[in-house]
Amino acid sequence: MTRRRPSRPAGPHARSGPPARRDSRTAIDQVVASAYTVPTDAPESDGTIAWDSTTLVVAEATAGGQRGLGYAYGDAAASGLVNRVLAPLVVGTDAMDVAAAHASMTAALRNIGRPGVGSTALSAVDVALWDLKARRLGRSLASLLGAVRSGVPVYGSGGFTSYSVPRLQRQLAGWVDDGITMVKMKVGRDAAADRARVRAARRAIGGDAALFVDANGAHDVKIALAQAEAFAESDVRWFEEPVTSDDLDGLCLLRRRVPASMEVAAGEYGWDAWYFARMLRASAVDVLQADATRCGGVTGFLQAAAVCQAWGRPLSAHTAPHLHAHLCAAVPPARHVEYFHDHVRIERLAFDGVSAPLRGVLSPDSGRPGLGIELKRRDLERYRV
C-alpha cells in the first residue's frame, strides 16, 4: 500500500502551477538604412569594368536603447530596399533571434530577387542585427561567434589595371614593407601587357612575398591557361577568376591544368549556401571566396564556412576587411582576408575603431562589444546619396 504525503496548506508563498518565467524578450524598435558614395582616390579598373566611386550601404538596428551597426558595399538602391521592404519585417522581432529575421528577409526577397541588390540589403541588415546582439551581450562579434584564432592574415589588394607600372610597384611594395606578405594585382585587359606588369610587380616585392592575380572573369579558358603558364615564371601563387565564375567547367579544367604551385580561386559573387555548394561540388576552385556583404551577412558567411568545412576546402574572405576580421577569427576554414584598397579607405573614413593589420595579421578588438566600430556621421554626410 502506497501512502500519500499529506498536502501542505496553502500559505502566502504557495505556488500554483509551473514557476513563472521572466520575459527577457527585447524587440527591435527601428531598422534604418542609408547610402554613401565615396569617390576613389584615382581612376580604377580591372579586367572587365572601370569605376570612379564605391557605395557604402549602412544599416542601423536599435533595441533596448542600444544600436547595432551593419554595412555592405553595392548600389544605393539597397538602402531603399531595406527601408521599404526589410525593415518592417524585422521591427518587432526579438533582438536575439537573428536567424528568424534572416529567414523572414530571405523569403521576402523571393520575387524581388535574392542576388545582387537584394543580397546587399539583406547582408547589411543581418550584420547590424549580429552587431546589436553582441553589444547587448557585451561581447565582441568574434567572441560571440566563438573565436578559433586571435587574428587572421591579410593580403594587400589593389594593383588596378588603370595604374601605371610605377604606381603598381609602389602600392604592392608598400604593403610588403608594412609586413603584409601577400599582395594581389588586377589583370585581364591586355594579355601581353599583363605579363610585363606581373614581372614588374615581382621585381618590386622581391622573391619572398606571395604574388596573386585577379582577372575578374575576363578571359576564356585558353587565354587563361596561357596566362597562368606565363605568370608561373614570376611565381604567381593565386589566379582569381581566370574565367567567369559562372563557367564551373572552365574553372575545373583550369584548376587541373595550371601549374601545381598556383591555386584557382572564385566565389566572391556567391549569394547563398547553394551557390557555394555547387562550386565545390564541381571541383571548380582550390580556395572558395565568400563576401559577407553579398552572401547574406554574418549568417550567410557562417553558412559558406560550413560548406567549406564539409568539402575540406579553405575559405578566403573577399574585401570588407574589418567585418571579415571578426568572422574569419571565428570560422575554422578561414585562410585570409582581402585587405582591399578601396574598402580600407572607406572604412577608415566611415567608422571609428577600425582594425589595422600588425605584421600582416588583422585582429578584432576583443575588448569592444560587437564589431567595435561607430559611424562617423559628420565625416560621411557629404557623401550621402
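**Exercise 1.** How many nonpolar, polar and charged residues does the lining of the second largest pocket have? Establish also which residues form this lining and which element contributes the largest share.

*Solution.* The model under study is predicted.
- Step 1. The volume of the second largest pocket is about 180 Å³.
- Step 2. Its lining consists of W175, D178, I180, Y339, H341, V344, R345, R348 and P357.
- Step 3. Sorted by class, these comprise five nonpolar, one polar and three charged residues.
- Step 4. Helix 12 supplies four residues, the largest share of this lining.

**Exercise 2.** Describe the largest pocket by its volume, its lining and the elements that contribute to the lining.

*Solution.*
- Step 1. The space in the largest pocket amounts to about 720 Å³.
- Step 2. Its lining comprises 31 residues, and those nearest the centre are I49, Y73, Y269, R294 and H318.
- Step 3. Two or more lining residues come from each of strand 2 (50-63), helix 3, strand 11 (334-340) and helix 12 (341-350).
- Step 4. Among the contributors, strand 2 gives the most, with four residues.
- Step 5. By class, the lining holds eight nonpolar, 14 polar and nine charged residues.

**Exercise 3.** Is S123 buried or exposed, and which residues does S123 touch beyond four places away in sequence?

*Solution.*
- Step 1. S123 belongs to helix 3, which spans residues 117-137.
- Step 2. The relative accessibility of S123 is 0%, so this residue counts as buried; the cut-off for that class is under 20%.
- Step 3. With residues up to four places away in sequence left out, S123 is in contact with A292, T293, R294, C295, G296 and G297.
- Step 4. One of these partners, R294, is also among the residues nearest the centre of the largest pocket.

**Exercise 4.** Determine how strand 4 is paired with strand 13, strand 11 and strand 5, and state the handedness of the crossover that leads from strand 4 to strand 5.

*Solution.*
- Step 1. Strand 4 covers residues 152-158, and six of its seven residues are buried.
- Step 2. Strand 13 (residues 361-362) runs antiparallel to strand 4, with two bridges between them; here P153 is the bridge partner of V361.
- Step 3. Strand 11 pairs with strand 4 in the parallel sense through four bridges, including the one between V154 and V337.
- Step 4. Strand 5 (residues 182-186) is likewise parallel to strand 4, joined by three bridges; G158 has M185 as its bridge partner.
- Step 5. Between strand 4 and strand 5 the chain passes through helix 5 (residues 165-177), giving a right-handed β-α-β crossover.

Terms used
Residues are numbered from 1 along each chain as its sequence is written. This is a predicted model: local features need pLDDT of at least 70, side-chain atom pairs count only at pLDDT 80 or more; totals for chains, interfaces and linings use all residues. Side-chain values use heavy atoms; hydrogens and water are left out. Buried means under 20% relative accessible area, exposed over 50%, partly exposed in between (1.4 Å probe, protein chains only). Contact means heavy atoms within 4.5 Å. On a 1 Å grid over the protein atoms alone, a cavity is a set of points where a 1.4 Å probe fits but cannot get out, and a pocket is an open set with protein on both sides within 12 Å along at least five of seven lines; lining residues have an atom within 4 Å of a point. Grid points are joined across faces, edges and corners, and a volume is the space filled by probe spheres set on the points. Ala, Val, Leu, Ile, Met, Phe, Trp, Tyr, Cys and Pro count as nonpolar, Asp, Glu, Lys and Arg as charged, and the others, Gly among them, as polar. Two strands pair if DSSP finds at least two bridges between them. A crossover is right-handed if, with the strands pointing away from the viewer, the path from the first strand over the helix to the second runs clockwise.
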